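User: Could you walk me through this protein model, beginning with its overall build and then moving inside?

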Amino acid sequence: MITVQVLMSAYNGARYLPQQIDSILAQSGVKVSLLVRDDGSNDRTLEILRAYEKRYQNISVYMGNRKGAAAGFYDLLDHADLSNSYYAFADQDDVWMADKLLRAVTILEQQPKGQPLLYAGKVICASKDLAECRKVSYHIRRGPSFGNALAENICMGCTEVFNARLLKLARGHLPEGGIMHDWWLYLTAAYFGKVVYDHHANILYRQHGDNAVGMQNRWGARWIHRAKHIRQMQHKLSGQAIQFQNAYGQKLYHVECRKETAGGLCKNNRCRRCRQTASLDLLCGYRTDLKKRCRIVLDKQIYRQSVLDDVIFRMLFMIGFL
């Protein structure tokens with residue numbers, strides 16, 4: 001049976017934690033283990049986790065200093081057991097359908113072997129008592145790609161399932177900070193391997209006031225949220241691209257193309273790797289180069305899924321905001 005290690009970062013989650021852990025333990029068709037990092041909780045979270053750890057042999061818990069969600073998940077990547085076939089991120093307050101992991105693993109098993117693989121999908125937004133549920137309506141227009149990952153993250157961490165090859169690659173090249181773990185895996189898998197996006201939803205994504213990262217499922221609410229947090233986007237995409245470029249260095253260049261061009265990209269960016277690297281270089285340097293700024297506005301490799309989003313972001317690229 002295929003093994004999946006679930007990585008969960010917990011912080012003051014006593015209210016919803018048992019329901020989520022129970023749904024993870026109830027997964028069908030795969031052998032599951034759960035590794036939980038407590039991020040310095042001051043409620044009953046650690047007490048609940050220790051009780052589960054004592055009761056179930058496939059649950060391990062360790063404590064850490066308060067780092068926040070992203071850094072906590074990066075720490076979990078460093079502590080993951082490398083003997084597993086697949087891994088999954090888990091939030092502390094959701095509820096998983098019984099076939100959540102089996103569906104993801106089945107889809108990943110159908111992909112070509114020997115490359116980093118990432119699965120992500122949609123979620124069902126639920127009220128805090130799970131009484132009201134609605135499927136997230138985001139439209140994935142062109143599918144996942146590295147160019148899309150440079151502009152936005154469509155892979156929610158709570159849906160992500162990935163193979164050991166991606167875990168080993170990512171944890172050897174982690175960002176310095178400020179980048180969400182799920183976005184970093186999307187960038188890494190899209191560049192070096194393959195990302196599969198599932199339009200089926202198999203998670204109840206609980207919405208409540210204590211969410212570290214919430215979701216706006218309605219069009220108007222999304223734009224109000226973006227307007228309020230516009231300053232957080234300033235130079236974010238170019239800064240993130242620079243971190244990716246620094247983290248992976250020479251790994252970003254195809255070996256055969258380096259030989260062909262004495263260290264550069266292949267002519268006319270014929271191969272996928274060189275096209276991706278060209279887009280990355282463009283985003284990294286566009287703010288200080290007027291020619292690159294004009295080119296990135298016209299670059300079809302870098303895109304957002306929503307047509308309106310895409311137009312607005314190209315306008316922001318033109319003024320060097322992103």
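User: How many helices and strands make up the secondary structure of the chain?

Analyst: Happy to help, and please keep in mind that this is a predicted model. Both kinds of element occur in the chain, and its secondary structure comes to 14 helices and nine strands.

User: What share of the contacts with a separation of 6 or more joins residues 24 or more positions apart?

Analyst: The chain has 322 residues, and 54% of them count as buried. As for the contacts with a separation of 6 or more, the share from residues 24 or more positions apart is 78%.

User: Which helix gives the most to the largest nonpolar core?

Analyst: That core has 57 residues, and Leu 118, Phe 162, Phe 244 and Leu 322 have the most contacts inside it. Phe 244, for example, touches Trp 184, Leu 187 and Tyr 191, among others. Another core, of 38 residues, lies apart from it and includes Val 36 and Tyr 119. With nine residues, the top contributor to the largest core is helix α7 (residues 181–192).

User: Are α13 and α14 roughly parallel or roughly antiparallel?

Analyst: Helix α13 (residues 290–298) and helix α14 (residues 307–318) pack with their axes 9 Å apart, at an angle of about 175 degrees. Angles over 145 degrees count as roughly antiparallel, so α13 and α14 are roughly antiparallel.

User: How many residues of the contact of α13 with α14 are nonpolar?

Analyst: From α13 come Arg 293, Ile 296, Val 297 and Leu 298, while α14 supplies Arg 314, Phe 317 and Met 318. Two of these residues are charged and none is polar, which leaves the nonpolar ones at five.

Definitions and conventions: Residues are numbered from 1 along each chain as its sequence is written. This is a predicted model: local features need pLDDT of at least 70, side-chain atom pairs count only at pLDDT 80 or more; totals for chains, interfaces and linings use all residues. Side-chain values use heavy atoms; hydrogens and water are left out. Helices (H or I, at least four residues) and strands (E, at least two) are DSSP runs, numbered from the N terminus. Buried means under 20% relative accessible area, exposed over 50%, partly exposed in between (1.4 Å probe, protein chains only). Contact means heavy atoms within 4.5 Å. Axes are lines fitted to C-alpha atoms, for helices over the stretch in contact, and angles run from 0 to 180 degrees between N-to-C directions. Angles under 35 degrees count as roughly parallel, over 145 as roughly antiparallel, 65 to 115 as roughly perpendicular and the rest as oblique. Ala, Val, Leu, Ile, Met, Phe, Trp, Tyr, Cys and Pro count as nonpolar, Asp, Glu, Lys and Arg as charged, and the others, Gly among them, as polar. A nonpolar core is a set of buried Ala, Val, Leu, Ile, Met, Phe, Trp, Tyr and Cys residues joined through side-chain atoms within 4.5 Å. Lists of a residue's contacts leave out its neighbours within four places in sequence.
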